[in-house]
Amino acid sequence: MCGIVGYIGTKKACPILLVGLSRLEYRGYDSAGISTIEKDGLSLVKDKGRVKVLESNQEIEKLDGTIGIAHTRWATHGKPSKENSHPHQDNSKTFSVVHNGIIENYHELRNMLEQNGYNFLSQTDTEVIPNLIHYYFTKNQDSSVHGFLQAVRDCCLSLKGSFALEIISKLFPENMIVVRKDSPLVIGTCEDEKYISSDIPAILSYTRDFYLLNDLEFALLKNTEAKFYDTDLNEIDKRTSSIEWTATASEKNGYDDFMLKEIYEQPTAIRETLGAKISLNSKCNFDELKFTKEYLSNIEKIYIIACGTAMHAGLAGKNVIEKLCRIPVEVDIASEFRYRDPIINEKTLSIFISQSGETADTIAALKLAKASGSKTLAISNVIGSSITREADYSIYTHAGPEIAVASTKAYTSQVVLLNMLAVYFSEILENQPLDVINKIKQEMLDLPKKITKTFKCKNEIKAFAKKIYQEKDVFFLGRGIDETVAKEGSLKLKEISYIHSESYAAGELKHGSIALIENGVTVISVLMDKALIEKSISNIQEVISRGAKTLVVTSHDCDENMFDKVIKVPDTITYLSPIIAIIPLQLLAYYISKEKGLDVDKPRNLAKSVTVE
Ligand code: AGP
């Protein structure tokens, strides 16, 4: 949560920072601010509200500096207000700091600083940081740039929690220091410019060469130079990584919203994720993984750990891995897994799924599994993201940048990647006949074309959205793998339309929740698993007889007169059916949100990347 951006180069920093902030607004948008190094010291312009409010501030036009830091906030400590907006400065206005993350021991640090004469203007945890840097800078009595670095290092070692920081000082008008711990931050580099950002897409239009910082590595930047240090302030060697994404991938390209664009990018995202890994004539090729038959045969349990939509992808993955590999799979929410003392040992394989690769709970769960002896495998959409750096092995979805807060193409790419992984494991285990494996592979290869066909339901969905957009409650039902789609459909609806919605295993409804069904309530059912369709239809009958309006998403023939609306989608094998069935539900959430006039890409209270626990 919160987006930070920085620039150090030869051009005016302010316009570059504003563009960066607007691209990072999906991470938080309750206030924004900028600080630059000007001839007469540090500037500071900040206010409550979106980046547009900051842009219209008259002070912004006066900023000429070529070094600056900026922030767009998602409030954690203290309500959205000018005082609580970033950047924050120390009392003497020597240091400006932007921060993404949470400082858990800020009370204790604030007390210590207050006892040493420091005053605080905000309710934020962040304000301790510039003051602490000032405290150490004065205490260490080293006024060189090394003293600046040392003060930042001493400050960071006193902090508990997570942080990505950019720090500038009026005493060092050519430098910026950046550091991260459990919060994302990348440094883009060109010959005489450095761009710093919470994510890669925000600065992709300037460079494709990035330095990726590990926890508690310090970067001391000049426009022409980037030096890196460990916590003992020994210089460390760092190479750049080149990113394949293009700058236009992070733009709307004619679509009204990123979410709609990303829904329509799903055929490409799936094709890119399949890449050259799947072919009928050879084994599934994951060169980056080194699993052996002996290792896989000895695994007693696989954990799949993730949050939100990524966890729903994990539920779909459980189905195919268990069926093909006959290894029990447990799917858990990262924030729960960590605190329930899970049984993990060297006979467990733990898979972590995260689009951003920066979700705090998922990273913490990964560290726990690793420390308990499990091998860890990360699935992410972002090369070099934190989970991929922590895990023993990493594989990637190639969905391209996902900007809308509501995840769409990352989800379907994760489901296909988990299917690929199941096939890869099964081929190593040699436990499935060739025709079974080839059928799955063929269906995977057919997905892009089938998703494109599914888009034909757009107008029917749009019309249905018009009918139900004023509803207060919507229910989603499904059995087996269809229930996992119901869960994801329900999450999509609530996060961008603010309609209360629940998903249920269709057979479970009559054990209590059916009491909520009354005349006119909308019930949306997913009927993709042929083996369960009769049973599911019986459950839908139960809600129809209590007055429910019904929408059914199915690839099978059924008596359409029975339901208010049937959306027919292309058929595929059950394992892959979530990828097809979710499309109408993504579109439904999108069109309901549009009908209500809401901000589809930046729904209230949410941020794309949840980097706090
Ligand atoms: C999905 O629409 C959500 N915005 C959210 O549930 C998301 O999937 C979750 O926060 C996990 O994010 P990650 O994949 O980046 O870890």
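Reader: Which residues lie nearest the centre of the largest cavity?
Author: The lining of the largest cavity has 24 residues. A cavity is a set of points on a 1 Å grid over the protein atoms alone where a 1.4 Å probe fits but cannot get out, and lining residues have an atom within 4 Å of a point. Nearest the centre lie Ser 198, Asp 199, Ser 356, Glu 358 and Val 382.

Reader: What kind of model is this?
Author: Residues are numbered from 1 along each chain as its sequence is written, and side-chain values use heavy atoms, with hydrogens and water left out. Local features need pLDDT of at least 70, side-chain atom pairs count only at pLDDT 80 or more, and totals for chains, interfaces and linings use all residues; the model is predicted.

Reader: Why does the largest cavity lie between two domains, and which are they?
Author: Look at who gives residues to its lining. Two domains (bounds from an automatic or database assignment) both do, so the cavity lies between domain 1 (3-246) and domain 2 (252-432).

Reader: What is the volume of the second largest cavity?
Author: The structure holds 2 cavities of 30 Å³ or more. The largest has about 260 Å³. For the second largest, the volume is about 90 Å³.

Reader: Which strand gives the most to the lining of the second largest cavity?
Author: This cavity is lined by 14 residues, with Cys 2 and His 86 among those nearest its centre. The lining has 4 nonpolar, 8 polar and 2 charged residues. With 3 residues, the top giver among the strands and helices (DSSP runs of at least two and at least four residues) is strand E7.

Reader: Which residue of E12 is the bridge partner of Ile 187?
Author: Strand E10 (residues 186-190) has 4 of its 5 residues buried (under 20% relative accessible area, 1.4 Å probe, protein chains only). E10 runs antiparallel to E11, with 5 bridges, and to E12, with 3 bridges; strands pair at two bridges at least. Ile 187 stands opposite Ile 196 in E11. In E12, its partner is Tyr 211.

Reader: Which helix gives the largest share of the largest nonpolar core?
Author: A nonpolar core joins buried Ala, Val, Leu, Ile, Met, Phe, Trp, Tyr and Cys residues through side-chain atoms within 4.5 Å. The largest one has 96 residues, and Phe 291 and Ile 302 touch the most other members. The largest share, 13 residues, comes from helix H13.

Conventions:
Buried means under 20% relative accessible area, exposed over 50%, partly exposed in between (1.4 Å probe, protein chains only). On a 1 Å grid over the protein atoms alone, a cavity is a set of points where a 1.4 Å probe fits but cannot get out, and a pocket is an open set with protein on both sides within 12 Å along at least five of seven lines; lining residues have an atom within 4 Å of a point. Grid points are joined across faces, edges and corners, and a volume is the space filled by probe spheres set on the points. Ala, Val, Leu, Ile, Met, Phe, Trp, Tyr, Cys and Pro count as nonpolar, Asp, Glu, Lys and Arg as charged, and the others, Gly among them, as polar.
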